[in-house]
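Work through the exercises below with the sequence and the coordinates open. Each task is followed by a solution in steps.

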Amino acid sequence: MSEARSRFGSGTAVVTGGAAGIGEGFVLHLAKLGMTVVIADIDTDKAAWVAEGINAAGGSAVSYGIDVTDAAAVEGMADSIFSRFGSVELLINNAGVETAGLLWEVDIDRWKRVMDINVDGVFYCLRSFVPRMLAVGTPACIANLSSVGGLNSVAVQGPYVVSKFAVLAMTESLYQDISLTGAPIQVSAVVPHSIRSEIFRAAQREAPSSNPIANSVFDAMQRDNETTGLDPVEAAEHMTEAIARGDFWVFSNDEACRRSAIQRADQLRDLTPPVDPRIMLERMGVSVPARTSLHSTDPSKG
């Protein structure tokens, strides 16, 4: 028996953003293992559809319409779930959005929307679920979705990168705070690499960018995501095993994510600036203007 089936073969799991992408992958896999899965998503129709499919296949799932940016609604969701099921063994804070554009060109409302969902949404869930987990006192696990973009900065994705760095910092802080309580609550930082989804296409649809480089990058990333990205259920299976083992760092692609972590460690150790984005963009087939010198070549100007 796998570690995941042994640990997550029963109980209740809550997955925010569980109606699509990697969230749906977690939902389908956890239901297959034997958990009752709460599919918490702003897309109520898709969440209900996913739940219906799981229940028709003999699993156990319920849908819950939620906007994670609404703190009161999140509190109500936690109260409802604990009242109904008594406990939550696994909380996966996955809801998140992307956006494209040079940082100074990002619309203020879009910036706030990314932060509200990707950062505040995680905090609101922690604020509502952790006290109830502590009160129940039984073993539980919280897994927060960061990204390889939470390890290394990436051009034309500033708001997303900032949010995922924040989620990683929040997860490390949560790990330390929980340890002070002595509660049997595990904390894991989930760092996906490339998993098939509509995240880049959705970003362009919800907040179109007028910047040609940003649009070319997101077109290329969506293309690569669809052709070489991991299947969401297979990625979820791999990551669930790591969570079940008790790992803090949980990767979708161990080799690729470890390279990203080492790249970040090297940058901090050597105190070097971020990698020149042209290297990655050229590999993606995206043309960018030639780089100009940041320093004056006129001796009279020092």
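**Exercise 1. The two faces of H3**

Task: Find which exposed residues sit on the face of H3 turned away from its buried side, and which residues of H3 are buried.

Solution:
- Step 1. The model is a predicted one. On the face of H3 that is turned away from its buried side, the exposed residues are Asp45, Trp49, Glu52 and Ala56.
- Step 2. The buried residues in H3 are Ala47, Val50, Ala51 and Ile54. They lie on the same side of H3, because the arc they cover around the axis is only 100 degrees.
- Step 3. Such spacing is expected of an α-helix: with 3.6 residues a turn, residues three or four places apart point the same way.
- Step 4. The cover over the buried residues of H3 includes helix H2 (21-33), E2 and E3.
- Step 5. As for length, H3 (residues 44-56) has 13 residues and spans 18 Å from first to last C-alpha, close to the 18 Å expected at 1.5 Å a residue.
- Step 6. After H3 comes Gly58, with a positive phi near 100 degrees.

**Exercise 2. Strand order in the sheet**

Task: Establish the order of the seven strands in the open sheet, and state which are the edge strands.

Solution:
- Step 1. The order is E3-E2-E1-E4-E5-E6-E7, with parallel pairing.
- Step 2. Strand E3 (60-65) and strand E7 (249-251) are the edges, since a strand of this kind pairs on one side only.
- Step 3. Ignoring direction, neighbouring strands in this sheet are turned by 20 degrees against each other on average.
- Step 4. Helix H4 (residues 71-85) packs on the sheet and touches strand E1 (12-16), strand E2 (36-41) and E3. The direction of H4 makes about 155 degrees with that of E3.
- Step 5. Helix H9 (residues 232-245) lies across E4, E5, strand E6 (185-191) and E7. Relative to E7, helix H9 runs at about 165 degrees.

**Exercise 3. Strand E4 and its partners**

Task: Describe how E4 pairs with E1 and with E5, and how its side chains point.

Solution:
- Step 1. E1 and E4 pair over three bridges in the parallel sense. Val14 has Leu91 in E4 as its bridge partner.
- Step 2. Strand E4 (residues 90-93) and strand E5 (residues 140-145) pair over four bridges, also in the parallel sense. Ile92 has Ala143 in E5 as its bridge partner, and Asn93 stands opposite Asn144 in E5.
- Step 3. From E4 to E5 the chain crosses through helix H5 (residues 108-136), and the β-α-β crossover is right-handed.
- Step 4. Leu90 and Ile92 point one way from E4, while Leu91 and Asn93 point the other way; all are buried.

**Exercise 4. Positive phi outside glycine**

Task: Val156 and Leu271 each have a positive phi without being glycine. Is Val156 buried or exposed, and is Leu271 buried or exposed?

Solution:
- Step 1. Phi of Val156 is near 55 degrees, and phi of Leu271 is near 55 degrees.
- Step 2. Val156 belongs to the loop between E5 and helix H6 (158-181). Its relative accessibility is 8%, so Val156 counts as buried; the cut-off for buried is under 20%.
- Step 3. Leu271 belongs to the loop between helix H10 (254-270) and helix H11 (277-283). Its relative accessibility is 73%, so Leu271 counts as exposed; the cut-off for exposed is over 50%.

**Exercise 5. Surroundings of two residues**

Task: For Gly34 and Ser128, list the contacts with residues beyond four places away in sequence.

Solution:
- Step 1. Gly34 is in the loop between H2 and E2. Gly34 has a relative accessible area of 38% and is therefore partly exposed.
- Step 2. With residues up to four places away in sequence left out, Gly34 touches Phe8, Gly9 and Ser10. Between Gly34 and Gly59 there are 7.0 Å from C-alpha to C-alpha, and they are 25 residues apart in sequence.
- Step 3. Ser128 is in helix H5. Ser128 has a relative accessible area of 3% and is therefore buried.
- Step 4. With neighbours within four places set aside, Ser128 is in contact with Val74, Glu75 and Ala78. Ser128 and Ser83, 45 residues apart in sequence, are 13 Å apart from C-alpha to C-alpha.

Methods:
Residues numbered from 1 in each chain as written. Predicted model: local features only at pLDDT ≥ 70, side-chain atom pairs only at ≥ 80, totals over all residues. Heavy atoms only, no water. Pairing = 2+ DSSP bridges. Helix = DSSP H or I, 4+ residues; strand = E, 2+ residues; numbered from the N terminus. Axes fitted to C-alpha atoms, helices over the stretch in contact; angles between N-to-C directions. Contact = heavy atoms within 4.5 Å. Buried < 20%, exposed > 50% of the residue type's maximum accessible area, 1.4 Å probe, protein only. Right-handed = clockwise from strand over helix to strand, strands pointing away. Expected span 1.5 Å × (residues − 1). Arc of directions from axis to C-beta.
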